[in-house]
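Please walk through the model shown below, moving from single residues to whole chains.

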Amino acid sequence: MAGTAGGSPVLASAGAGATRALLLVGVLSGSNRRGGWGDMPDEKNTVVIASAEQFWQVKTRRDFLRVLGIGGTAVLLPSVFAACDDDDPTGNGGGQTATLNLGSEVGILNYAFALEQLEAGFYEAVVASAAYNGMTAEQKEVFTDLRNHEVAHREFFRQVIPSGSRIGNLAFNTTTLNASLANTASILKTAETFEDLGVAAYNGAGKYLTAGNLLLAGKIVSVEARHAAAIRDMREGLGLAGTPAGTRFAGDDVVTTDTGLDVVLQPATVLSKVVASGFVATTVNTSGTLPVKPAGSTAEKAPPSPTP
Amino acid sequence: MKSNESILGSIDPEITERLVSRREAIVKGASTSSMIAAGLAMGSVPVALAALSRQAFAQPPANIKAVLDFALALEIFENEFYKAVLGISSSAAQNTAFATVRPMIPAAVVTAAQQIQRHEEDHVAFLLAAGATNVFSLTADSFNFTGNRSSTTPGPFAAATTDAAFLLAVAQLAEDTGVRAYKGQAENLISDPTVLTAALRIHSVEARHASKIRRARRALTGAPAVVKWSGTISGGGSAAAGITGASAAVTAAAQAVYAGEDLTVQAGINIAALTGVPSAAAASEAFDEPLSRAAVVAIVQPFFKPDIS
């Protein structure tokens, strides 16, 4: 499933790589309050938590009980323990690898958390970029909104997933990230990729969730779809024609032309696209097996490859 | 049979699988469906085809079917609204009603509305194929888009037929109500992952529509900032609609459409207090809220002549 995008994890590298990593931490400081960049050579930024101890701290136990209270119930229990047996000695909390146990509901929540980290981190970098300063008022408003919304999603998942089974912070491949920030056009292109992928991911994951979490995912996915339409519309405004012209916000490339249904992807496909994007330095592994669902619910419609 | 092939070809791959084993049923049932006639009466080949293919489905369980029937009524409403606006309704009276405003709509908005209408029509066809029934026997003439049901006195939304900006505001109310309605029904579809997934995919298409409508409104001179370029719902209640100079009746309707959208606490977590979230406005924008079926019915009933409660 996973491979390390862009070579060795950025945060574990030394010399110039470490410098880049520190710059990245500066950009992404909003994501650095909890959890930890477990592999940072700088001790100040190293959070090493034995998972069992952390689990029994009052704060995290309260988090865990709260999640039980919103509908995780018994489904969560095995996964809480299953998530602790991985190759990461800090209890799945480091920056080099993140393991999603797709056989559990909390694993699906972690999957969403990973995608939200990607989106939020990207938009945090966008509003801090040089290109942002040259944007129109409309573009600035949109990217500020998207940053705010995706950060809210990311921090929500950080709170709602029990700390003992929560994945750590994903590290960006700064080479890919910086290239995407070169200008407004490249930023919009990356944003479109992430937003359409987010819509497809939530649409595909809904059936793996129990009631309370399904509703929460539904509250988020329509916001992602609003973002996607806005970004796609802005790109058409910059000369990228929709199919048909004027319809890029919900073009025939993302909505089926016979049934009017939006993009939808299964987790494995989404994760392979995330890896292929080259944005994530963290190795994202999966464990467990998704619950078997009817074949009719697992068909996919992928968003188009980024253009131009 | 060739006709069977074309029917199956018009159905989404997700449900084709359920259809394939029942080709015979299509042949047997095709001649008896009143919905085929209804589809043709609505001027919709996809609707007629879908009605034809519906013969092939086993009836969904009652709880699922109830949601599908409700969704179908909303989609027919949306579809007929856009067809009337665009002048392609099968009802001459509906086309005439929007004759004044039609030439005032910017060309780019017409293009968007055409795409949106196609999607709504596809949703109607899809829901029929998935087992929904047009339980209220809705046709193009079942609607009063001024919001006064069967009365001949123009209702509070009559300005939509003469004012393009207000027409777009009404479209936004309709799309956002649709998004909230589907969200409110998602949990009722958990027992059928195939239908749930399809409903989620319709739900996000409606959200794309709502986003585009907002952007079209924001592009107009004097649009309030609450109509976000990002296409998201900002705040809650009537203020979230961003309609300046609205009548009391329109304000009350908008209040219902956006009631509770300003929620900032999700699963017991205060989103506004989280790291990096700058404001309560941002916290509420980040999460769209559902509406119950009863709340949706209360909002849209004025536009339906038949009682849909």
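A residue is called exposed if 12 or fewer other C-beta atoms lie within 10 Å of its own, and buried if 20 or more do. The structure to which this criterion is applied here is a predicted model.

By that count A:Val292 is exposed, because 8 other C-beta atoms lie within 10 Å. A:Val292 belongs to the segment that follows β2 (283-287) of chain A. Although A:Val292 and A:Gly103 are 189 residues apart along the chain, their C-alpha atoms are separated by 9.9 Å.

Strand β1 of chain A offers the opposite case. In this strand, residues 97-101, 5 of the 5 residues are buried, so the strand is largely enclosed by the rest of the structure. The covering extends to both faces of β1(A): A:Thr97, A:Thr99 and A:Asn101 are buried on one side, and A:Ala98 and A:Leu100 are buried on the other. The partner of β1(A) is β2(A), to which it is joined by 5 bridges in a parallel arrangement. Within this pair, A:Ala98 stands opposite A:Val284 of β2(A).

The confidence in chain A requires some attention. Its mean pLDDT is 77, and 69% of its residues reach 70 or more. Over residues 1-94 of chain A, pLDDT stays under 50; for this stretch the model has 172 contacts beyond four places in sequence.

Chain B comprises 13 helices and 2 strands. Of its 309 residues, 54% are buried. Among its contacts between residues at least 6 apart in sequence, 66% join residues at least 24 apart.

Helix α13 of chain B, residues 293-300, illustrates how burial can be distributed around a helix. Its buried residues are B:Val296, B:Ile299 and B:Val300. Seen down the axis of α13(B), these residues fall within an arc of 85°, and they therefore line one face of the helix. An α-helix has 3.6 residues a turn, so residues three or four places apart point the same way. The cover over the buried residues of α13(B) includes α6 (62-86), α9 and α11 (248-257) of chain B.

The final step is the contact between the two chains, which takes 61 residues from chain B and 58 residues from chain A. On the side of chain B that touches chain A, the elements giving two or more residues are α2 (13-20), α8 (107-129), α9 (164-185), α10 (193-218) and α12 (280-285) of chain B. The most is given by α10(B), with 18 residues. By residue class, this side of chain B divides into 28 nonpolar, 18 polar and 15 charged residues.

Methods:
Residues numbered from 1 in each chain as written. Chains lettered and ligands numbered in written order. Predicted model: local features only at pLDDT ≥ 70, side-chain atom pairs only at ≥ 80, totals over all residues. pLDDT = per-residue confidence, 0-100. Contact = placed C-beta atoms within 7 Å. Helix = DSSP H or I, 4+ residues; strand = E, 2+ residues; numbered from the N terminus. Nonpolar A, V, L, I, M, F, W, Y, C, P; charged D, E, K, R; others polar. Arc of directions from axis to C-beta. Pairing = 2+ DSSP bridges.
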